[in-house]
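Subject: Structure handover

Hello,

Here is the structure for your files. My notes on it follow below.

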Amino acid sequence: MHKIKLPTKAAIMCTVVFIPTTDSTFFASLRDENPLRPEASAPAIRLRNGIKTLSPADALAGGTWVCVNDLGSVFILLNGGFNNHTRQKNYTRSRGLIVHEISAARQPLIFWSQLELNDTEPFTLVVWYLDKLYQLVWDGQEKHQSRLPETECHIWSSSTLYNSGARLYRTGLFNEWAMAGHVISCESILDFFRSYTDATNGFIMNRNEVVKTLSYSFIEITGNKKALMHYLQLPDKLTMTELNFKHHAPVQHQLETVTDRDNEF
């Protein structure tokens with residue numbers, strides 16, 4: 001068995017899935033962390049820059065790893081870029097606080113293009129914005145933006161915890177499950193996550209009480225009207241919070257088309 005080298009301070013966000021259906025859009029996220037880290041606060045609605053955001057909050061840094069705002073956008077963080085990296089000692093910005101910042105931006109893609117990320121540890125952001133799906137990656141040297149098909153299911157596994165073989169295997173498990181035609185719900189996705197019982201590479205995992213899955217977040221976007229966030233602090237502390245959307249201003253759509261690019265920065 002290979003030894004797992006873990007960051008000593010950085011939070012680790014492990015697994016994200018995206019599932020579109022005819023009537024709704026679904027996101028799910030698992031947060032893997034050192035179990036000695038103080039328990040995160042349950043999702044709450046906050047007002048930032050005139051935008052209401054709904055997210056849990058880390059008890060230490062105050063950042064978040066999953067957020068939805070009342071413009072109908074979703075932002076979910078995974079630590080690491082395309083591949084695992086050697087952690088440096090001089091990072092000065094919290095990736096979780098960056099999630100707060102971009103979720104309070106009226107034009108998040110423009111915000112991303114202008115964001116200064118030197119001295120920031122690599123990360124990936126899954127973004128749902130104006131009914132389009134994006135993957136934003138900071139690899140430690142460059143920013144990358146790509147548009148993903150929003151009619152297909154997607155899964156991400158953190159490169160800081162899983163090598164390419166493990167990520168490929170997890171993707172295969174998810175694709176097989178998604179093709180089986182399950183009714184999508186908070187419970188059905190959680191059941192899927194629990195179905196692969198491997199302490200090291202499972203979805204809900206526990207690596208010798210050094211890092212383990214601490215929480216499960218499930219977001220349902222209903223049309224362009226509202227989001228419902230289920231938040232399960234494992235094993236059984238469940239909360240549900242609803243956030244109603246406000247209408248986008250037409251000028252926002254017009255401005256964003258300038259930067260809505262399918263290629264990478």
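**Overall make-up**

Of the 265 residues in the chain, 51% are buried, where buried means under 20% relative accessible area, exposed means over 50%, and partly exposed is in between (1.4 Å probe, protein chains only). The model is predicted, so local features need pLDDT of at least 70 and side-chain atom pairs count only at pLDDT 80 or more, while totals for chains, interfaces and linings use all residues. Residues are numbered from 1 along each chain as its sequence is written, and side-chain values use heavy atoms, with hydrogens and water left out.

The chain holds five helices and 14 strands. These are DSSP runs numbered from the N terminus: helices are H or I with at least four residues, strands are E with at least two. Among contacts (heavy atoms within 4.5 Å) with a separation of 6 or more, 59% are between residues 24 or more positions apart.

**Cores**

The largest nonpolar core has 41 residues, and Phe27 and Val68 have the most contacts inside it. Strand β7 (residues 123–129) gives the most to this core, namely six residues. Such a core is a set of buried Ala, Val, Leu, Ile, Met, Phe, Trp, Tyr and Cys residues joined through side-chain atoms within 4.5 Å.

Leaving out residues up to four places away in sequence, Phe27 touches Val17, Phe18, Val74, Ile76, Val126, Trp128, Leu133, Ser217, Phe218 and Ile219. Another core, of 19 residues, lies apart from the largest one; Ile184, Ile189, Tyr196 and Phe203 are among its members.

**Two buried strand residues**

Thr53 sits in strand β4 (residues 51–57). Thr53 counts as buried because its relative accessibility is 0%. Not counting residues up to four places away in sequence, the contacts of Thr53 are Ala44, Ile45, Arg46, Arg48, Cys67, Val68, Asn69 and Ser103.

Ser24 belongs to strand β2 (residues 24–33) and is also buried, since its relative accessibility is 8%. Outside the residues up to four places away in sequence, Ser24 touches Ile19, Glu220, Ile221 and Thr222. The C-alpha atoms of Ser24 and Ile184 are separated by 9.6 Å, with their positions 160 residues apart along the chain.

**Second largest pocket**

The second largest pocket encloses about 240 Å³ of space. The search ran on a 1 Å grid over the protein atoms alone: a pocket is an open set of points where a 1.4 Å probe fits, with protein on both sides within 12 Å along at least five of seven lines, and lining residues have an atom within 4 Å of a point. Grid points are joined across faces, edges and corners, and the volume is the space filled by probe spheres set on the points.

Its lining has 16 residues, of which Gly81, Gln135, Trp156, Ser157 and Arg167 lie nearest the centre. Two or more lining residues come from each of β6 (74–79), β8 (132–138), β10 (154–157) and α3 (164–179). The lining divides into six nonpolar, nine polar and one charged residue; here Ala, Val, Leu, Ile, Met, Phe, Trp, Tyr, Cys and Pro count as nonpolar, Asp, Glu, Lys and Arg as charged, and the others, Gly among them, as polar.

**Cysteines**

A search of the whole structure finds zero disulfides, a disulfide being a pair of cysteine sulfur atoms within 2.5 Å. Cys14 is buried, at a relative accessible area of 0%, and Cys186 is buried at 8%.

**Loops and backbone geometry**

Most residues other than glycine have a negative phi, and most peptide bonds are trans. The items below on phi and omega can be read against that.

- Asn49 has a phi near 55°, a positive value in a residue other than glycine. Asn49 is in the loop between β3 (41–48) and β4 and counts as exposed because its relative accessibility is 57%.
- Asp119 has a positive phi too, near 65°. The loop between α2 (108–114) and β7 holds Asp119, which counts as partly exposed at 40% relative accessibility.
- Leu234 and Pro235 are joined by a cis peptide bond, with omega about 10°. Pro235 lies in the loop between β13 (226–233) and β14 (237–244).
- Arg87 is in the loop between β6 and α1 (95–103) and is partly exposed, with a relative accessible area of 33%. Arg87 and Thr160 are 73 residues apart in sequence and 9.9 Å apart in space, C-alpha to C-alpha.

Regards
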